[in-house]
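Hi,

Here is the structure I promised to pass on. Have a look at it first, and then read my notes below.

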Amino acid sequence: MQAKKRYFILLSAGSCLALLFYFGGLQFRASRSHSRREEHSGRNGLHHPSPEHFWPRFPDALRPFFPWDQLENEDSSVHISPRQKRDANSSIYKGKKCRMESCFDFTLCKKNGFKVYVYPQQKGEKIAESYQNILAAIEGSRFYTSDPSQACLFVLSLDTLDRDQLSPQYVHNLRSKVQSLHLWNNGRNHLIFNLYSGTWPDYTEDVGFDIGQAMLAKASISTENFRPNFDVSIPLFSKDHPRTGGERGFLRFNTIPPLRKYMLVFKGKRYLTGIGSDTRNALYHVHNGEDVVLLTTCKHGKDWQKHKDSRCDRDNTEYEKYDYREMLHNATFCLVPRGRRLGSFRFLEALQAACVPVMLSNGWELPFSEVINWNQAAVIGDERLLLQIPSTIRSIHQDKILALRQQTQFLWEAYFSSVEKIVLTTLEIIQDRIFKHISRNSLIWNKHPGGLFVLPQYSSYLGDFPYYYANLGLKPPSKFTAVIHAVTPLVSQSQPVLKLLVAAAKSQYCAQIIVLWNCDKPLPAKHRWPATAVPVIVIEGESKVMSSRFLPYDNIITDAVLSLDEDTVLSTTEVDFAFTVWQSFPERIVGYPARSHFWDNSKERWGYTSKWTNDYSMVLTGAAIYHKYYHYLYSHYLPASLKNMVDQLANCEDILMNFLVSAVTKLPPIKVTQKKQYKETMMGQTSRASRWADPDHFAQRQSCMNTFASWFGYMPLIHSQMRLDPVLFKDQVSILRKKYRDIERL
């Protein structure tokens with residue numbers, strides 16, 4: 001027995017030694033042959049990379065584990081080798097380490113501010129409509145300059161939006177065309193817009209040319225390739241996305257509880273093979289046909305029937321039963337799974353519909369993530385935890401759902417409803433990086449009215465804007481500055497302008513009076529102005545144009561401005577009451593003379609009316625109170641073309657101010673106690689009788705309405721039927737009990 005054991009041990013040891021010598025010999029021969037090849041290649045001036053150590057190949061070797069964001073489908077691994085993928089990734093961003101501090105020249109911006117230059121379009125180069133809209137938005141903005149020597153940022157006129165080689169919009173030979181640009185400078189201080197990159201089957205993020213040190217404003221960009229504080233992630237939008245304006249969100253009123261017919265919906269393509277197919281192929285596990293309706297169809301592409309699986313026919317039949325828009329309008333949450341690329345059109349569709357997006361696109365850098373807090377407007381899911389999505393959203397409290405839905409509407413209307421807003425948001429983000437000392441904070445970007453209307457050049461303190469008093473725990477201003485616009489010479493001490501000055505000065509809330517002298521005659525002597533308890537400052541208008549009344553004069557020391565025409569008739573009591581109302585609505589225009597707009601079906605244009613009706617949409621600045629920030633916004637936000645039109649016509653400046661304030665606030669102005677005398681006395685005064693009696697004056701205002709609406713891209717004016725009167729106004733009580741008793745005597 002013991003002998004058998006010894007023989008068995010010796011036999012095992014011998015077998016082990018034989019195997020050792022066998023494999024060692026193979027490795028030794030391989031290394032010797034490799035050394036000979038290296039020696040031979042050295043003689044011939046060639047060099048080959050060292051191969052991996054030799055190991056025998058097993059027929060069913062286990063595939064290595066990859067993280068979720070590095071998984072490749074089997075089809076793509078057949079078409080692309082690791083070396084090709086590595087080369088492709090390296091060509092995406094050769095400047096992957098680029099940041100503003102290392103790849104951007106700040107000196108170009110210090111001299112002339114943030115100005116953007118668009119290269120002139122080259123002959124024979126076709127530009128897709130979407131890219132034309134982007135360039136038009138830049139050229140129509142306050143940042144645009146036609147002089148490259150003044151530019152801080154450069155944008156190509158070559159269409160870089162669609163870099164899918166299979167797309168008819170693909171621009172060939174872009175590499176050489178870009179390199180030939182004399183201002184290219186390896187992409188430094190350049191911004192490249194891109195919506196689609198890569199092509200079937202792997203859809204890499206390669207844009208097909210070396211971008212050098214240029215910044216990317218890119219849709220469907222991954223967190224792996226996104227360069228923080230350098231690139232800008234933009235949303236994927238369709239070719240039909242409006243250039244300006246855009247539709248408002250679908251949330252017209254807040255329903256309590258904020259639950260709709262469907263809890264979770266989706267309707268879209270299902271990819272049977274290739275990248276992006278895994279998540280959509282698994283949606284049927286969650287679909288219950290009741291309050292969770294997730295519909296997919298295989299019926300797309302030329303050869304979909306070749307790849308159809310056992311579920312396709314059933315899915316296609318179910319898909320046709322539901323109307324997509326009806327689902328959007330009646331769903332609380334909308335699933336936004338990735339497509340072939342990380343981004344999806346469903347994202348913007350859900351935002352507009354006030355359907356809270358449920359994101360299922362691992363690794364996607366969400367649009368404008370640098371400034372937008374998406375946790376306030378979306379649910380960020382994980383593709384690997386799809387089955388947990390229904391229970392997760394059902395656990396969200398109704399208060400939170402309502403807040404999420406409201407935030408989707410704000411973000412949609414502030415940053416995403418048009419191509420212009422997407423482009424301007426991109427530019428404002430870059431400007432904030434350049435001028436960090438006056439950059440907007442998170443509150444500005446994520447709270448109404450948003451970053452596009454709050455210009456940090458005005459002030460770095462939130463309390464200087466009319467929108468954040470409640471957030472900061474501040475009370476509205478307690479004093480106002482009266483600004484009287486004078487256009488006729490002072491020939492008599494009984495002129496209305498002097499009576500108006502005295503009435504305003506007697507107000508307990510008046511801090512000072514500024515007379516803007518836009519008359520062609522010389523300034524009156526100081527003794528011609530009445531003595532008042534508050535300072536009276538007379539400013540002579542340099543240009544003598546209408547828009548000068550809304551310049552941000554340093555002499556205005558209060559946040560509240562009482563804007564007055566020289567022929568306005570107001571009592572001190574009326575001034576006091578209007579100001580107390582404004583203190584409750586500091587972001588709006590509050591005043592007396594009201595006007596309205598309407599749509600003229602016969603002429604297919606907007607109309608303007610001064611008729612006394614049951615609603616209004618404008619309060620004219622001849623007798624109105626508003627925040628002085630709107631002077632700055634009027635002067636710096638609106639384009640020169642609109643202000644030049646106002647100055648040439650000497651008309652419509654009050655309409656334009658109403659357009660601006662309503663566009664910012666999304667609210668109508670507020671009319672206080674009706675004052676019929678305003679209209680009657682205005683028609684009887686010599687200073688402005690010629691304007692109001694002139695038939696061209698009314699026609700001009702009609703034309704202004706349509707020009708302004710065209711620039712804004714929509715009609716921002718909002719009708720209101722609310723008028724605020726003093727408490728006890730015309731009530732059957734003693735006049736002595738009424739605070740604003742003089743108003744009833746007018």
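Let's start with a pair of residues in a sheet: D600 stands opposite R605 in β19. Keep in mind as you read that this is a predicted model.

The strand next to β19 here is β18, which covers residues 594-600. β18 and β19 pair in the antiparallel sense, over 5 bridges. Together with β20 they make an open sheet of 3 strands, in the order β19-β18-β20, with antiparallel pairing. The edges are taken by β19 (605-609) and β20 (618-619); each has a single partner strand, so one side of each is left without a neighbour in the sheet. In general, strands of a sheet pair through backbone hydrogen bonds, either parallel or antiparallel.

There is also a helix to look at with this sheet. Helix α25, residues 695-712, lies across β18, β19 and β20. Its direction is at about 135 degrees to that of β19.

Now for the salt bridges. The structure holds 21 of them, and I picked out three to show you.

One is between E326 and K261, with the closest N and O atoms 3.9 Å apart. E326 sits in helix α11 (residues 324-329), while K261 is in the loop between β7 (232-233) and β8 (262-269), so this salt bridge ties together parts that are 65 residues apart in sequence. How open are the two to the outside, buried or exposed? E326 has 28% relative accessibility, so it counts as partly exposed. K261, at 55%, counts as exposed.

Another joins the side chains of D315 and R270, at 3.2 Å from N to O. This pair also links distant parts of the chain, 45 residues apart: D315 belongs to helix α10 (residues 312-320), and R270 to the loop between β8 and α8 (277-281). Both D315 and R270 are buried.

The last of my picks is R440 with E428, where the N to O distance is 2.7 Å. R440 is in the loop between α15 (419-434) and α16 (442-446) and E428 is in helix α15 itself, so the pair ties together parts 12 residues apart in sequence. R440 counts as buried because its relative accessibility is 7%, under the 20% cut-off. E428 is at 1% relative accessibility, so it counts as buried too. What else do these two connect to? Salt bridges that share partners join R142, E428, D432 and R440 into one network.

That's what I have for now. Happy browsing!

Conventions
Residues are numbered from 1 along each chain as its sequence is written. This is a predicted model: local features need pLDDT of at least 70, side-chain atom pairs count only at pLDDT 80 or more; totals for chains, interfaces and linings use all residues. Side-chain values use heavy atoms; hydrogens and water are left out. A salt bridge is a side-chain nitrogen of Lys or Arg within 4 Å of a carboxyl oxygen of Asp or Glu. Helices (H or I, at least four residues) and strands (E, at least two) are DSSP runs, numbered from the N terminus. Buried means under 20% relative accessible area, exposed over 50%, partly exposed in between (1.4 Å probe, protein chains only). Two strands pair if DSSP finds at least two bridges between them. Contact means heavy atoms within 4.5 Å. Axes are lines fitted to C-alpha atoms, for helices over the stretch in contact, and angles run from 0 to 180 degrees between N-to-C directions.
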